[in-house]
Amino acid sequence: MPRPHWRRPVPLAAVTAVALAATVLTAPTASAYTPVASADAPEQIVNGTFDAGHAPWWGTGNLALDSSTGQLCADVPGGTVNPWDAIIGQDNIALVAGETYEFGFFGQATPGRVGKALIQLPVDPYTQYLSATPELSVSGNNYRYTFTSPVDLPNAQVAFQIGGSAEPWRICLDDVSLTGGAEPDVYVPDTGPRVRVNQVGYLPKGPKNATVVTEATAALPFQLHDGAGRLVKQGRTTPRGVDQSSGQNVHTIDFGHYTRVGTGYTLTADGETSRPFDIGSGFYEQLRTDALKFYYTQRSGTAISDALRPGYGRPAGHVGVAPNTGDTAVPCQPGVCDYTLDVSGGWYDAGDHGKYVVNGGISVHQLMSEYERSVRADTGQPWLLGDRTLNLPESGNRVPDILDEARWEQEFLLSMQVPAGEPLAGMAHHKIHDDSWTGLPLLPHLDDKRRELHPPSTAATLNLVATAAQAARVFKPYDRNFADRNLAAARTAWAAAKANPQRYADPADANGGGAYNDADVSDEFYWAAAELYLSTGAKEYRDFVLASPHHTADVWRERGLDWGNTAALGRMQLATVPSGLPDRSRVRASVAQGADRYLATLKAHPYGIPYSPSDNLFDWGSNNLIVNNAIVLATAFDLTGQDRYRAGVLETMDYILGRNALNQSYVTGYGEVASRNQHSRWYARQLNPDLPNPPRGTLSGGPNSAIQDPVAQQKLRGCAPQFCYIDDIESWATNELTINWNAPLSWIAAFIADQDNGDAR
Ligand code: 9MR
């Protein structure tokens, strides 16, 4: 029973589920289960104790239910793919909107295994009101959860989804109970010590700032200790009042004058000692590599070599081998076209198996611009992005590895172009993905859904123009044919976009993949024209750039740039790539003006971030907006050499790496406490211990005030912006990984690594 579990457009107002708490009770027997729901609330489950058979419970055809022992047991066959390939369920459970329920059961698995317990709509779209992933053990445990029903529903379903295991196993359940009238549990994140630092480290000659959460309103003393516990510096905090992004009263600490390299430093203030950090520089060098290595294991259309990425090897996904139905001859959605395309290859967008041209576009652009920057900027060190730096199958081919990786995606973007002779020839299909959502976990090669091309869009076409024009420039020294092929594709796509300037992706076309809709593509036109102009110098594109309203507008959005807001990309390219643009000096100065604005935001922010939306709502993927704003700061540094911009970049990364309200790093493997359960169908260790966590150097999307997924809605309702995050694999709205979020991370990591001790010239 396929259960589209994510990114369904649920109107937020309709969802009031609150405060789910998953508690494994310590006593290992079923009888120790103590309900906290009000005594007079009726039991909703029929026959949850299995004392006389198991009706009305049902199982999928591959399960033989056995209640002869007084528990409900079943041998679960191996070799199934999806969680819903084996289900034990009960239907017709009545839910009352606004009522808080307690759901509990005893569960046991041999061998131990993570199961899935759902209370959901029994039909498409299978909306989940409770989604739990109990870690079932051989000795057995009691589990309890609470949730508040957002709906009145006479026929909800309780479903234990237990499929998806390669090996056979046995499950036993008992004392299944659902009662109303429970007190909602309140989720309180463990935020550790109240002194918040960059848990990875600070550059010796860079700024060093920290934030203290405290009730105190007057300045407090602080102490800096080195790794041997010696007091090496002291001073006083600066009270900053209540920070609106966290709701906390905070002070800041500035210890920038301390420059000695070392490991294991701590900061102490108000009786609390921070997590440890280093002063040094090697960590950004490592992050430059890790954040880029992320892309290889996102590759579609090729087997991932375990020798190159130990622990991450897997068969090729979507190469036309069953059960995959793509991606070598993919048809359109019904009625959209009557041809098929070979669109194998490219990177999977995120935790899903979709491939989207708009998002692939900004990602491959930022990798290529990272390379371009390294060649051009005064502090750039292109050899550190050179051949044999990323351990790729292509390493050793005399092409910089970062370009080999970019090409993997660029080839895919080219393949999405509508062929000559077909309607809308020259445009690019907006995206390709499954015809309905798959669940987690699911390795790419096991996806059996129908893959479809979606209608061409102007936005996708312009992303193809921009990246192909840029590739024509960047690849020229390495592969003339590839460069020429890109330039030709860019010109064709440009003409097609001009002829079809308003073909917008349908916001409702989001079953099985993200919509990536955008009803204003004037900024994509500007960016695309800029890249074409920079690669060709042609008057047509120069005139378009000069006439675009984005050329003189204030493009430095308060919220930042992203896949749907690309004018700033065009502006920064025009500022940094040499050309004969008549007003180039004005364009260069405008980047510094944008950077000054972000710097002012950062300075006013007690957590030091260049992001403070005036509605005090953090966006989906807030971390990528924050890092993208740091790219504007970094570009201003490259253009002007002014230290304050570089300092702003470094301070921004302090937030990403731990100086934040949750006291955690958002990059896997960096910092003492870091995200590691990002939403992904194949790095799904939280759901299946046989799978890996996301690789080192993977950025999480981060706090998102709109909390669209059920886990966030259950646990984070009413969150202050910085608290709208949970490191749970099912929280796809706050904790996903994507190709367009790691791109700015790798860009900034490379920029900082190029600054040596923070004082490179
Ligand atoms: O990153 C995207 C974000 O800006 C949008 O608000 C959101 C909803 O449309 O979609 C995000 O993109 C997701 C995409 O739709 C599907 N793949 C995973 C992406 C990250 O969550």
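Contact here means heavy atoms within 4.5 Å. The model on screen is predicted, and the stops below go from a helix pair to one buried residue, then to two sheets and an annotated domain.

**Stop 1: the α5 and α6 pair.** Select residues 480–499 for helix α5 and residues 522–536 for helix α6. Two packed helices are described by the angle between their axes and the distance between the axes. For α5 and α6 the angle is about 145°, and the axes lie 11 Å apart. The crossing of α5 past α6 is left-handed.

Now show side chains. On the α5 side, pick L487, A490, R491, W494, A497 and K498. Their counterparts in α6 are F525, A528, A529, L532 and T536. Colour this contact by class and it splits into eight nonpolar, one polar and two charged residues.

**Stop 2: E531.** Stay on helix α6 and select E531, which lies in that helix. Is E531 buried or exposed? E531 counts as buried because its relative accessibility is 0%, and the cut-off for buried is under 20%. To see what surrounds the residue, leave out neighbours within four places in sequence; E531 is then in contact with H365, A466, A469, Q470, R473 and Q573.

**Stop 3: the five-strand sheet.** Switch to cartoon view and follow the order β2-β4-β11-β7-β8, an open sheet with antiparallel pairing. Strands of a sheet pair through backbone hydrogen bonds, either parallel or antiparallel. Select 58–59 for β2 and 128–132 for β8: these are the edge strands, each pairing on one side only. Next add β4, residues 87–95, which runs antiparallel to β2 and is joined to it by two bridges. For one position to centre on, take G59, which stands opposite I88 in β4.

**Stop 4: the annotated domain.** Select residues 190–274, where an unreviewed UniProt entry places the feature "domain: Cellulase Ig-like". What is the helix and strand content over residues 190–274? The chain there is 0% helix and 51% strand. Mark the end C-alpha atoms of this stretch; they are 14 Å apart.

**Stop 5: the four-strand sheet.** Trace the order β13-β15-β19-β18, another open sheet with antiparallel pairing. Its edge strands are β13 (195–196) and β18 (238–243), each paired on one side only. Then select β15 at residues 209–213 and β19 at residues 248–254, two antiparallel strands joined by five bridges. Finish on N209, whose bridge partner in β19 is D254.

Definitions and conventions:
Residues are numbered from 1 along each chain as its sequence is written. This is a predicted model: local features need pLDDT of at least 70, side-chain atom pairs count only at pLDDT 80 or more; totals for chains, interfaces and linings use all residues. Side-chain values use heavy atoms; hydrogens and water are left out. UniProt positions are given in the numbering used here, feature names are shortened, and annotations may be inferred rather than shown by experiment. Axes are lines fitted to C-alpha atoms, for helices over the stretch in contact, and angles run from 0 to 180 degrees between N-to-C directions. A crossing is left-handed if the near helix is turned anticlockwise from the far one by less than a right angle, and right-handed if clockwise. Ala, Val, Leu, Ile, Met, Phe, Trp, Tyr, Cys and Pro count as nonpolar, Asp, Glu, Lys and Arg as charged, and the others, Gly among them, as polar. Two strands pair if DSSP finds at least two bridges between them. Buried means under 20% relative accessible area, exposed over 50%, partly exposed in between (1.4 Å probe, protein chains only).
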